[in-house]
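Colleague: Could you show me how to read empty space and a buried side chain in a model?

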Amino acid sequence: MISPPLVITSEEINCLIYSYFQDCGFNHSAFALRNEARLQNSPLSQKHIPRGELIDLLSKALLYLEVEAHWRNDGLTTNCKSGFSLIDQHVCSLDAPEERANSVQDNQMDIGDSDSISTHGITSSMANSSRPYATSQPKDLPSRNGPQTNDTKALSHNSHRDSPSQSLAPAPDANAKRKTSPIPTEGPVEKRARHTSTDMDIDGFSESAASTTHDLSLKIETSRASTRNDTRAQGPGDNKTDPRVVLLLPGHQTEAFTLYFIIGEVFVCAFNPKMHNLLASGSKDAIVNLWDLSDPPTNPNEFAESPREPLALDNVSRAVQGDLTSLNWNPEGTLLAIGSYDSILRVCTNSGSVYFSHPQHQGPIFSTRFSKDGAWLLTASLDGTTCLWDVKEKRLHRQYRCHKGGYCCLDIEWLSGDTFASAGADMRIFIMRVDEDEPVKTLVGHKDEINQIRVNPSGTRLASCSDDGTAHIWRVDNIDEVADSIPGLSASDHGVALKGHTHSVSTVGWCVDHPAGTNELIATSSFDSTARLWDSVTGECLHVFRDHKAPLYALTFSPDGKFFATGSGDGWLHMYHTRTYVRIWSWFAGAEKPGVFEIDWQEYDGVNRIAMALECRQVAVLDVNKLDAFRTAASLHPGERRTASRIEEVNV
């Protein structure tokens with residue numbers, strides 16, 4: 001019997017490389033490859049490619065090469081200690097690699113200052129340059145990836161309002177949920193990789209972190225391998241809690257099926273602030289579901305039942321890359337603003353009808369946020385602009401273009417009814433007013449992209465967190481001071497810088513539990529797998545929470561501030577007591593697609609529950625009141641500190 005021929009097409013290879021780029025966070029490279037290879041038109045683009053597939057295939061290829069090179073089975077090949085590489089030609093040797101280090105070093109090129117070379121082969125000056133990135137490929141630097149493109153221009157030139165799918169950036173990876181922003185470099189744009197801890201030039205970083213030289217792709221693959229080896233079942237981290245305390249919502253319904261089929265990871269979730277039993281969730285399949293939950297039973301032996309089929313919102317993106325990035329309810333709970341990778345803003349009612357939509361942005365929308373009175377709506381986009389919408393009139397009021405030079409806007413935050421802040425990849429925060437085109441204040445101090453900004457409850461201070469591994473606290477109650485009214489003058493006198501994380505800081509949150517005579521607390525979570533609690537006035541790190549084993553994606557305080565919860569790529573939700581730093585309870589999302597992407601915490605009329613958006617394509621709702629550990633922790637005296645022991649032993 002003749003075996004069928006082995007066929008490998010360029011289209012298959014392009015899809016594998018595209019998937020690899022997304023795994024590593026090389027979103028600009030992925031975007032360029034997708035458009036130049038026209039992968040959006042390929043039937044292969046609809047196929048699921050497991051994470052790390054390219055690495056797996058290359059690993060198997062190396063094993064084959066090893067067998068092929070050693071088939072002679074002589075003394076040299078049998079005892080060969082020389083490793084195999086994808087690049088270097090293999091030469092059998094009985095000496096271990098470290099024994100040949102000196103001879104190899106003698107043959108190396110003289111490259112001058114070794115500190116100027118990064119692990120990706122790019123000079124540190126290029127990686128950390130604060131100048132806008134070049135819009136063309138230098139003539140003396142031949143491209144390894146073909147002609148280079150300016151990503152922002154590509155987004156703009158390929159954007160067609162009547163054909164959104166042509167203007168989309170690549171979908172967010174589990175390890176880089178919402179980061180697809182330009183980078184200031186002097187070299188090719190596509191050279192920029194997602195930062196590892198070795199890429200950041202920050203004072204106060206540990207020597208162990210600075211000496212780490214593993215490639216990002218190796219880190220990702222190692223993490224995923226350990227995750228695949230985890231056979232733990234989905235459920236509580238202890239053996240006492242009834243698993244039914246967590247209600248799993250089965251997924252997203254599509255027009256193509258009459259039963260529940262789950263198409264993509266759930267990225268975002270949000271409780272309605274007024275209709276408390278209404279929960280919105282959005283996923284990678286570009287579907288927004290509205291869940292009508294029932295009140296949790298008050299009987300400790302009874303648990304919430306699954307709700308009826310959710311209301312799936314119509315008119316939400318059907319584009320190939322229509323991943324949902326943001327859900328934000330207005331204060332009255334009547335309108336839901338939806339951000340998507342297809343660049344179109346959509347606002348729907350709580351009954352599921354479309355209130356209005358608009359294709360003003362020319363790039364993915366990362367954040368949507370209603371003003372405190374619900375009159376205005378802000379949107380932040382990869383196109384570098386912030387749009388201000390008049391909600392009642394259903395129209396664009398003003399488009400702000402503060403983040404210049406091709407830098408994107410990553411987050412927005414209202415400071416008052418007419419003042420807001422905009423943060424971006426240009427490492428700056430701009431304070432804007434609804435009726436002024438130019439910033440009234442500019443906050444400068446971060447050394448890398450700013451991921452998130454949040455204002456404290458009193459509206460006097462703004463917290464920001466960045467890829468530079470720090471969080472900053474800024475005064476925003478002095479906007480009208482005379483010094484700041486001088487055109488072009490930037491304010492860099494932030495109150496305090498929070499240093500200690502050894503990787504990108506992804507989330508920051510204020511604690512509302514602020515007794516008289518004490519300083520406000522703030523929490524941060526990071527890709528270094530830790531969360532930290534800080535004194536926001538002195539900058540002192542009060543505690544480091546090290547229970548997670550993978551990057552953290554979510555951190556949320558309870559509405560009363562007495563507890564907070566963290567979610568991570570390791571699949572764990574951990575709950576902590578704010579004042580005692582005790583981990584009181586944990587829940588595992590499962591070994592297959594384990595990430596916990598977003599957490600929303602709700603309290604009202606005795607109801608206390610947490611919603612989780614999960615990578616495993618589910619929405620989970622936790623009835624917090626059913627946890628014995630929570631009731632025990634809630635009864636602690638405010639001054640009691642039990643940091644030496646955990647209230648509930650959890651086997652993580």
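Modeller: Happily; we take a cavity and then a histidine.

Modeller: This is a predicted model, where local features need pLDDT of at least 70, side-chain atom pairs count only at pLDDT 80 or more, and totals for chains, interfaces and linings use all residues. Residues are numbered from 1 along each chain as its sequence is written, and side-chain values use heavy atoms, with hydrogens and water left out.

Colleague: How many cavities of 30 Å³ or more does a search of the whole structure find?

Modeller: Rolling a probe the size of a water molecule over the atoms shows where empty space is left. Here the search gives nine cavities of that size (a cavity is a set of points on a 1 Å grid over the protein atoms alone where a 1.4 Å probe fits but cannot get out; lining residues have an atom within 4 Å of a point). The second largest has a volume of about 120 Å³, the space filled by probe spheres set on the points, which are joined across faces, edges and corners.

Colleague: Which residues lie nearest the centre of the second largest cavity?

Modeller: Leu247, Pro296, Ala304, Arg609 and Val621 do, out of 15 lining residues.

Colleague: Is histidine 403 buried or exposed?

Modeller: Histidine 403 is buried, because its relative accessibility is 6% (buried is under 20% relative accessible area with a 1.4 Å probe, protein chains only; exposed is over 50%).

Colleague: What does the side chain of histidine 403 make polar contacts with?

Modeller: Its partners include the side chains of serine 422, at 2.7 Å, and aspartate 426, at 2.9 Å (a polar contact is a pair of N or O atoms within 3.5 Å; within protein, one must be able to donate a hydrogen and the other to accept it, and residues adjacent in sequence count only if both atoms are side-chain atoms).

Technical notes. 1 Å grid on protein atoms, 1.4 Å probe; cavity = no way out; pocket = protein on both sides within 12 Å on 5 of 7 lines; lining within 4 Å.
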